[in-house]
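Thanks for coming. I will take you through one structure today, starting with its ligand and then moving along the chain.

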Amino acid sequence: MVVGVLALQGSFNEHIAALRRLGVKGVEIRKPEQLQNVSSLIIPGGESTTMAKLAEYHKLFPALREFVKMGKPVWGTCAGLIFLANKADGQKIGGQDLVGGIDCTVHRNFFGSQIQSFEAELSVPKLASKEGGPETFRGVFIRAPAVLEVGPDVEVLADYPVPSNKVLYSSSTVEIQEENAMPEKKVIVAVKQGNLLGTAFHPELTADTRWHSYFLKLTGEVGEGTSSSIVAVEGEDLSFNQQPKIDLPIFQ
Ligand SMILES: NC(=O)CC[C@H](N)C(=O)O
């Protein structure tokens, strides 16, 4: 199994390293024809407008849309989630192209600007039931988007409580001082529709490889390989369970 990682900009090296920790080869994708050699694709986090401009320059959009249409597994993290959404709010002037595929609306910078980046323990019961391990996952949110609306075919895999006095305006969340603030409201931060997966946070920046392992299993679902076809990277340990459990963001 060879997993493509869109390598125009952003955290593609970190995804390739996470795959390597699972004994899977990740290859950098920069040209449309390279997509023919991979069975699944990760679109990393970074900056979605810049990434879209580069994708446009390299004429990647038609091939990416075709890849999605063929039902091949694609996982978008952060900016990658924005790419996979059918609709994105809070775009820069002039907008940006999206690949689409997940029937949802995202807000590009829902949680605010770079300095409002944060980490939080997310409740991930569905991930834990498939992959084992703790019921929570450490979410690294870097100028992160959130999913505002989902269609009926979208499965919500994680959400995150935000105080409801954070009201969404056109480009970011803006705090309003109100005496009687309403209770917390949950925003969606991980979704799945068929073989498309989207996370608003960055699992590749943690040592917990369960989202990567979960994604790799989607390839099995489309019958293009099973876990036994995982290509071992020489000298690497194949077992997730034997990986050291460090819950701090780490790049190995
Ligand atoms: N860490 C990220 O990928 C941030 C994404 C960013 N909000 C964007 O619009 O692209």
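Which side chain has an N or O atom 2.6 Å from a nitrogen atom of the ligand? That side chain belongs to Asn 109. Before I go on, please keep in mind that this is a predicted model.

There are other polar contacts to mention. A nitrogen atom of the ligand lies 3.0 Å from an N or O atom in the side chain of His 202. On the backbone side, a polar atom of Ser 48 is 2.4 Å from an oxygen atom of the ligand. Taken on its own, the ligand has 300 Å² of accessible area, and the protein covers 98% of that. The space that the ligand takes up is the largest cavity.

Now the shell. Around the ligand we find Gly 45, Gly 46, Glu 47 and Ser 48, then Cys 78, Ala 79 and Ile 82, then Arg 108 and Asn 109, and also Ile 142, Arg 143 and His 202. Sorted by class, that shell holds four nonpolar, five polar and three charged residues.

Two members of the shell deserve a look at their backbone. Most residues other than glycine have a negative phi. Cys 78 is not a glycine, yet its phi is positive, at about 60 degrees. The residue sits in the loop that joins strand 4, residues 74–77, to helix 4, residues 79–84. Arg 143 is also not a glycine and has a positive phi, of about 40 degrees. Its loop runs between strand 8, residues 136–141, and strand 9, residues 146–150.

Are these two buried or exposed, taking the protein alone? Cys 78 has a relative accessible area of 3%, so it counts as buried. Arg 143 has 26%, and because the cut-off for buried is under 20%, it is classed as partly exposed.

Away from the ligand shell, I will take Asn 195. This residue is in the loop between strand 13, residues 185–193, and strand 14, residues 196–199. Its relative accessible area is 13%, so Asn 195 is buried. What does its side chain meet there? A polar atom of the Asn 195 side chain lies 2.8 Å from the backbone oxygen of Gly 71.

Next, helix 1, which covers residues 12–21. How many of its ten residues are buried? Eight are, so the helix is mostly covered. The buried ones are Phe 12, Glu 14, His 15, Ile 16, Ala 17, Ala 18, Leu 19 and Arg 21. That list includes Glu 14, His 15 and Arg 21 beside residues such as Phe 12 and Leu 19. After the helix comes Gly 23, with a positive phi near 80 degrees.

Two more positions, and then I am done. Val 154 is in the loop between strand 9 and strand 10, the latter being residues 155–162. With a relative accessibility of 9%, Val 154 counts as buried. Its C-alpha is 7.3 Å from that of Ile 102, and the two residues are 52 apart in sequence.

Finally, Met 1. This residue lies in the segment before strand 1, residues 2–6. Is Met 1 buried or exposed? Its relative accessibility is 12%, so Met 1 counts as buried. From Met 1 to Arg 65 there are 64 residues along the chain, and their C-alpha atoms are separated by 21 Å.

Technical notes: Residues numbered from 1 in each chain as written. Predicted model: local features only at pLDDT ≥ 70, side-chain atom pairs only at ≥ 80, totals over all residues. Heavy atoms only, no water. Helix = DSSP H or I, 4+ residues; strand = E, 2+ residues; numbered from the N terminus. Buried < 20%, exposed > 50% of the residue type's maximum accessible area, 1.4 Å probe, protein only. Polar contact = N/O pair within 3.5 Å; in protein donor to acceptor, adjacent residues only side chain to side chain. Near = heavy atom within 4 Å. Areas by Shrake-Rupley, 256 points an atom, 1.4 Å probe, with all protein chains shown as cover. 1 Å grid on protein atoms, 1.4 Å probe; cavity = no way out; pocket = protein on both sides within 12 Å on 5 of 7 lines; lining within 4 Å. Sits in = over half its atoms within 2 Å of the grid points. Nonpolar A, V, L, I, M, F, W, Y, C, P; charged D, E, K, R; others polar.
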